[in-house]
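Hi,

Here is the structure I promised to pass on. Have a look at it first, and then read my notes below.

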Amino acid sequence: MESDKKNICAEWMSQMLETTKDNFFVYNLEGVCLYTNDNLVKTLWSSPIGKHLSEIFPHRSENHIKKILSDYQKIRETKEGDFIPIQKEKIHTWEERIFSVTRNPITWHWNPAISGIGKDITELFLAKEDLEKANEEIKTTNEEIKATNEELSAINDELSIKNEQLEKATKDAEMAKS
């Protein structure tokens, strides 16, 4: 009965990982990829399984790879996951994508490892940038409208004074005629 529950759970987990639109990965503490779901393989155009981080992301510096491995050790030691809200990655050497990444310590086949989920937020990030740009344009337009309104108000004040002067001059001219 207990093994049936474990099999059902394992099958469910496997289906969930394979059908999610997010990138799921497992690395050992040396930075070698142990497992990915199909979505990450599609994102990278090839399977990273068995490859080191430096092979998967050749554009990253050696220091950056060392920092990732240090982060993996820290995650493992503290037994606390971490969250990277924005991580830019060059995919296929030309396309930059933006991910939010969650990494957690796990045991993979009785060995310490790090699992992670990378959610592609490129479109969301670009939409946010577009909104910020539109907001700046609206602020600029509002400032221009405010300046124009102030100019028009000043012109209106001048016209009111001129109109009053004209009305007074007209009355004075009519009184002078009579």
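Let me start with Lys128: its relative accessibility is 46%, which means that Lys128 counts as partly exposed. Keep in mind throughout that this is a predicted model. The partner of Lys128 is Glu132, and the two form a salt bridge whose closest N and O atoms are 3.2 Å apart. Glu132 is partly exposed as well, with a relative accessible area of 43%. Both residues lie in helix H5, four residues apart, or about one turn of the helix.

In total, the structure holds seven salt bridges. Two others seem worth a look.

The first is between Lys119 and Asp22, with 3.3 Å between the closest N and O atoms. That pair links distant parts of the chain, since Lys119 is in strand E5 (residues 111–120) and Asp22 is in the loop between H1 and E1, 97 residues apart. Buried or exposed: what is Asp22? Asp22 is buried, at a relative accessible area of 17%, while Lys119, at 41%, counts as partly exposed.

The second is in helix H4, where Lys67 forms a salt bridge with Asp71 and the closest N and O atoms are 3.0 Å apart. These two sit four residues apart in H4, about one turn of the helix. Lys67 is partly exposed at 48% relative accessibility, and Asp71 is buried with a relative accessible area of 17%.

Now for H4 itself. The helix runs over residues 62–78, so 17 residues, and reaches 24 Å from its first C-alpha to its last, close to the 24 Å expected at 1.5 Å a residue. Which residues of H4 are buried? They are Ile65, Ile68, Leu69, Asp71, Tyr72 and Ile75. These residues cover an arc of only 150° around the axis, which puts them on the same side of H4. As a reminder, an α-helix has 3.6 residues a turn, so residues three or four places apart point the same way. On the other side of H4, Glu62, Asn63, Lys74 and Glu77 are exposed. Just after the helix, Lys79 takes a positive phi of about 60°.

Then the aromatics. The count comes to four aromatic pairs, taking ring centres within 6.5 Å as the cut-off. One of them is Phe24 with Tyr35, an edge-to-face pair at 6.0 Å centre to centre and 65° between the planes. Phe24 lies in strand E1 (residues 23–28) and Tyr35 in strand E2 (residues 33–36), so this pair ties together parts that are eleven residues apart in sequence. Both rings belong to buried residues: Phe24 has a relative accessibility of 11%, and Tyr35 has 18%. Together with Trp108, Phe24 and Tyr35 form one aromatic cluster.

Two smaller items to finish. Leu152, Ile155 and Leu159 make a nonpolar surface patch of about 290 Å². Of these, Leu152 lies in helix H5 (residues 122–177) and is partly exposed, with a relative accessible area of 49%. Elsewhere, Glu18 is in helix H1 (residues 2–19) and is partly exposed at 27%. The C-alpha atoms of Glu18 and Thr36 are separated by 8.8 Å, with their positions 18 residues apart along the chain.

Cheers

Note on methods:
Residues numbered from 1 in each chain as written. Predicted model: local features only at pLDDT ≥ 70, side-chain atom pairs only at ≥ 80, totals over all residues. Heavy atoms only, no water. Buried < 20%, exposed > 50% of the residue type's maximum accessible area, 1.4 Å probe, protein only. Arc of directions from axis to C-beta. Phe/Tyr/Trp six-rings, centres within 6.5 Å; stacked < 30°, edge-to-face > 60°. Patch = residues over 30% accessible without salt bridge, like charges linked within 9 Å, V, L, I, M, F, W, Y side chains within 5 Å. Areas by Shrake-Rupley, 256 points an atom, 1.4 Å probe, with all protein chains shown as cover. Salt bridge = Lys/Arg side-chain N within 4 Å of Asp/Glu carboxyl O.
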